[in-house]
Amino acid sequence: MRTALVTGGTGAIGRAVSAALAAAGAKVIAVCLPSDRASAEALLPAWHGQGLAISITAFDVSNAEDTSAALSAMAAQGAAIDIVVNCAGITRDAPLRKMSAHKWQQVLRVNLDSLFNVTQPLIDAMCQRGWGRVVNISSVNGQKGQFGQTNYSASKAGVHGFTMALAQEVARKGVTVNTVAPGYIDSPMIDAVPEAIRSEILKGIPAARYGSPADIAAAVTFLCSGAASYITGAQLPVNGGLYMSA
Ligand code: CAA
C-alpha cells in the first residue's frame, strides 16, 4: 500500500484529494494547520466510515523548522512517503499598488516555500526506493495572471517552475513530478471573491460553471497512479476551458 502526504489535506480541494487517493488504495496523511486540527479531525468519522485510511497531522508547511520536525517524527515512526500532493494554498488579493509586503510574503511562503519545505526532505527516499509521485497544485491564475493577484499568480507560476526543474532531476529514478492547474473551483476561496467579479469570471468559463473539488481530485489521482508513469514535468489544466494553451 502506498502512503500519500497531502498538504492542505483537509481544505476544500485537499479533502477531496485525500479521499480520492484513499479510495484508490493509498494510506493518506492529510496535513492541516495546528489551528484547524479540531475541524479537520471532525472529518475522520465519515472517512473511516467509508473505509478510507486517512489520518490527520497538524503542522505549518510554510515554516521550514516545523515541517522538518514533523517529517522527521513521521520517518522515526516508520512512515515512508511515496506520494506528495502539495495542495496548501492561500490568497491575499489586492492590486499591487495597495499590496503590503506582509500579504506578498504570506502568499509566497504558503504557496511556494511549502513546496521546498515538504518535498526536499522526502525526495531522496523516493528516489532510493525507485518509485514516487509529486503533484503540485498551481492555478489558472499562475498561467494567465489575474487582476489583484500579483502575489498569488507569481507563486503559482513558480509552482510549475519547481515542477519542471524537479521532474528533470528525478525522472531516471522512477519519480514523476507534475502540476495540476485548477480553474475556479467551488470553495471558500472563490466565495471570498466579490459577487460582481465572480459573475464576470463565470461568463469567461466556456463550461459555464465552476469546477468541483472532485474534478481536481480525479486529475491528481490519475497522475499518482501507475498508469501515469511516463507523464512528468507536465501541467494539467482543469479549468472548464477558461484558459487554453498549445
Ligand atoms: N481588470 C481591469 N480593471 C479592473 C479589474 C479587472 N479584472 N478588476 C477591477 N478593476 C478596476 C475597477 O474597475 C476599478 O477601476 P476604477 O478605479 O477606475 O473605478 C479598480 O480596478 C479597482 O481598483 P481598487 O484598487 O479599488 O481595487 P479593490 O481594492 O477594490 O479590489 C481586488 C481589488 C480585491 C483585487 C478585487 O478586484 C478582487 O477581488 N478581484 C478578484 C481577484 C480574483 O479573481 N481572485 C481569485 C480568487 S480565487 C483563486 O485565486 C483560486 C484560483 O486558483 C483560481
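Is alanine 80 buried, partly exposed or exposed? Select it and see: alanine 80 is partly exposed, with a relative accessible area of 30% (buried is under 20%, exposed over 50%, partly exposed in between, using a 1.4 Å probe and protein chains only).

Before moving on, a word about what you have open. This is a predicted model, where local features need pLDDT of at least 70 and side-chain atom pairs count only at pLDDT 80 or more, while totals for chains, interfaces and linings use all residues. Residues are numbered from 1 along each chain as its sequence is written, and side-chain values use heavy atoms, with hydrogens and water left out.

**Stop 1: around alanine 80**

Alanine 80 sits in the loop between H4 and E4 (helices, H or I, are DSSP runs of at least four residues, and strands, E, of at least two, numbered from the N terminus). Now show its contacts, meaning heavy atoms within 4.5 Å. Setting aside neighbours within four places in sequence, alanine 80 touches Thr3 and Arg129. Try a distance label too: its C-alpha atom is 11 Å from that of valine 28, and the two residues are 52 residues apart along the chain.

**Stop 2: the sheet**

Colour the strands next. Seven of them form an open sheet with parallel pairing, in the order E3-E2-E1-E4-E5-E6-E7 (two strands pair if DSSP finds at least two bridges between them). At the edges you'll find E3 (54-58) and E7 (235-238), each pairing on one side only. On average, neighbouring strands are turned by 20° against each other, direction ignored.

Pick E1 (residues 3-7) and E2 (residues 27-32): they run parallel and are joined by five bridges. Valine 28 of E2 shows up again here, as the bridge partner of alanine 4.

Add helix H1 (residues 12-23), which packs on the sheet and touches E1, E2, E3, E4 (83-86) and E6 (175-182). The direction of H1 makes about 175° with that of E1 (axes are lines fitted to C-alpha atoms, for helices over the stretch in contact, and angles run from 0 to 180 degrees between N-to-C directions). H5 packs on the sheet as well, touching E1, E4, E5 (132-137) and E6, and its direction makes about 165° with that of E4.

**Stop 3: strand E6**

Select E6. Eight of its eight residues are buried, so E6 is largely enclosed by the rest of the structure. In a regular strand the side chains alternate between the two faces of the sheet. Here Val175, Val177, Thr179 and Ala181 point one way from E6, and Thr176, Asn178, Val180 and Pro182 the other way.

E6 has a parallel partner in E5, with six bridges between them, and arginine 133 stands opposite threonine 176. E6 also pairs with E7 over four bridges, where proline 182 stands opposite valine 238.

**Stop 4: asparagine 136**

Staying in strand E5, click asparagine 136. It is buried, at 0% relative accessibility. Its side chain makes a 2.8 Å polar contact with that of asparagine 86 (a pair of N or O atoms within 3.5 Å; within protein, one must be able to donate a hydrogen and the other to accept it, and residues adjacent in sequence count only if both atoms are side-chain atoms). Beyond four places in sequence, the contacts of asparagine 136 include Leu115, Phe162 and Val177.

**Last stop: H4 and H5**

Finish with H4 (residues 64-76) and H5 (residues 101-129), which pack at about 35° with axes 9 Å apart. Light up Ala64, Thr67 and Leu71 of H4, then Asn117, Val118, Pro121 and Leu122 of H5, to see the contact.
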